[in-house]
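User: I should like a close look at a single part of this protein, set in the context of the chain around it. Please take one helix as the starting point and work outward from there.

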Amino acid sequence: MVLGSMAPRRRWLLLGLAALAVVALIAAGAVVITRLTGDNKPGGTPVGGSPTPSPVGTPTPSPSGPPPGADITGPLNLLLVGVDTRVSVPGWEPHSDAVLVLHVPKGLDRAYLFSLPRDLLVDIPAFPKAGYKGGKTKLTHAMSFGSRVPGKPKQPSTAQGYELLRATVSGYTGLRIDAGAVLTFNGFDRLVDTLGGVDIYVDQRVESLHRRPDGKYRESAPGGYKGPQQVYEKGERHLNGWQALDYARQRYITGGDYARQRHQQQLIRAMTRKILDEGLAKQPERVDQVVSALGDTLVYVGGRKIVDIAYALSGLPGNRFTLVGLPGSGVGKGSAYRGEQLTAEGRKFLTELRAGRADAYLAAHPKLVVKN
């Protein structure tokens, strides 16, 4: 799935966030990605495949015959993307500010959600459709490079950009991506509000760079912003749409972008839990209502319909949903910063995940498991 922007309603999800970019997944049933990051206000077809992006709405399954998605047994790998699209800027190319992968092993009885740093140095393959020759650079640029439509410089394609991002993530992780969602900036808070807000444990004090306590944007000023700031104090909190998006997009905090990735994952899990608690994934008409509320802020890409994925994941136990934080470090010489790289411990997790040994590896490396 590919996610973009969001707006308002009550509790949900256990699967996935794109802070920022995310993003979101109507999990345990329906997968939705959301845009959880982006510093400004609010604007496919898998590589090597033939499916075209599915419409956002999903039909109600027929009362006769097996439910949709009953034949899906796993493993499943879902790519959740939160994109930075600035509709006020003509021709603005989408950047993937939040990139999350949800891996559900065969049997669909557990799931692992991990983030890849937006500045991760990766090999981006050549993509003739966009005129891109390939190269090694930051992951966030894959969506941008892939979105370029020759002859239409001011009409970038988010779905096309997802194709290149999908190929890049698959090449780096070694995982086959079965479906994906891209959510834009407005879509995320809209999704959270439609669910009625979300309950989350704020694990550190976070001051908002972008919002005032009343939700309005802070005024721009030389070197940043000015005026009162929204503050998220440590502890159990109930956040509405704009608060959830704002909290998950802050990276100028203790822990930097890695802390932001953790907060995005926690938000997705909280949303998923709400969906599971309400049994939303088993209510096709409810899934359709939520997804339809997103409108064109959500782009879904995959071979199966959203409702199929939702039914397939509807039995996923809430206590078998593991958030994994992959440690990394900066790459460069002196002050010449080039990007991020995962540590050997983080890269080894991907190897063990592919081999079906994730639980044993996490038991031996408990610090990789994101709590709360």
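Analyst: The part chosen is helix α2, which is mostly covered: 12 of its 16 residues are buried. The model is a predicted one, and every value below is computed from it.

Helix α2 spans residues 158-173. From its first C-alpha to its last, the helix reaches 22 Å, close to the 22 Å expected at 1.5 Å a residue. The buried positions begin with an unbroken run through T158, A159, Q160, G161, Y162, E163, L164, L165 and R166. T168, V169 and T173 are also buried. The list of buried residues thus includes charged side chains, E163 and R166 among them. Just after the helix, G174 takes a positive phi of about 80°.

Within this helix, Q160 may serve as an example. Q160 counts as buried because its relative accessible area is 10%, and the cut-off for buried is under 20%. What does Q160 touch, once its neighbours within four places in sequence are left aside? The contacts of Q160 are F127, K129, A130, G146, S147, R148 and V149. One of these, G146, belongs to helix α1, which covers residues 140-146.

Helix α1 leads to a second buried residue. T140 is found in α1, and its relative accessible area of 2% is the reason that T140 counts as buried. Not counting residues up to four places away in sequence, T140 touches H95, S96, D97, R118 and D119. Of these partners, H95, S96 and D97 fall in strand β3, which runs over residues 95-104.

Two of the residues touched by T140, D97 and R118, also line the largest cavity in the model. That cavity has a volume of about 40 Å³. Its lining consists of D97, A98, V99, S115, L116, R118, D257, R260, Q261 and Q264. Which elements each supply at least two residues of this lining? They are β3, β4 (111-116) and α5. The largest share, 4 residues, comes from α5. By class, the lining has 3 nonpolar, 3 polar and 4 charged residues.

The loop between β3 and β4 contains L108. Phi of L108 is near 55°, a positive value in a residue other than glycine. L108 counts as buried because its relative accessibility is 9%.

A111, which falls within β4 (111-116), has a partner far along the chain. The C-alpha atoms of A111 and L316 are separated by 7.9 Å, although the two residues are 205 residues apart along the chain. L316 lies in the loop between α7 (306-313) and β15 (321-324). This loop residue is buried, since its relative accessible area is 3%.

Helix α5 (256-277), which gives the cavity its largest share of lining residues, is preceded by a loop that joins it to α4 (241-249). R251 lies in that loop. Is R251 buried, exposed or partly exposed? At 22% relative accessibility, R251 counts as partly exposed, because the value falls between the limits of 20% and 50%. R251 and V206 are 45 residues apart in sequence, and their C-alpha atoms are 9.3 Å apart in space.

One further backbone feature concerns the loop between β1 (3-6) and β2 (76-84), where P75 is placed. The peptide bond from G74 to P75 is cis, with omega near 0°.

For the chain as a whole, the secondary structure comes to 9 helices and 17 strands. Buried residues make up 56% of the 372 residues. The accessible surface comes to about 14,600 Å², of which 51% belongs to carbon and sulfur atoms. Set within this chain, α2 remains the helix with which the account began, with 12 of its 16 residues buried.

Definitions and conventions. Residues are numbered from 1 along each chain as its sequence is written. This is a predicted model: local features need pLDDT of at least 70, side-chain atom pairs count only at pLDDT 80 or more; totals for chains, interfaces and linings use all residues. Side-chain values use heavy atoms; hydrogens and water are left out. The expected span of a helix is 1.5 Å times one less than its number of residues. Buried means under 20% relative accessible area, exposed over 50%, partly exposed in between (1.4 Å probe, protein chains only). Accessible areas come from the Shrake-Rupley method with a 1.4 Å probe; for residues, only the protein chains shown count as cover. On a 1 Å grid over the protein atoms alone, a cavity is a set of points where a 1.4 Å probe fits but cannot get out, and a pocket is an open set with protein on both sides within 12 Å along at least five of seven lines; lining residues have an atom within 4 Å of a point. Grid points are joined across faces, edges and corners, and a volume is the space filled by probe spheres set on the points. Contact means heavy atoms within 4.5 Å.
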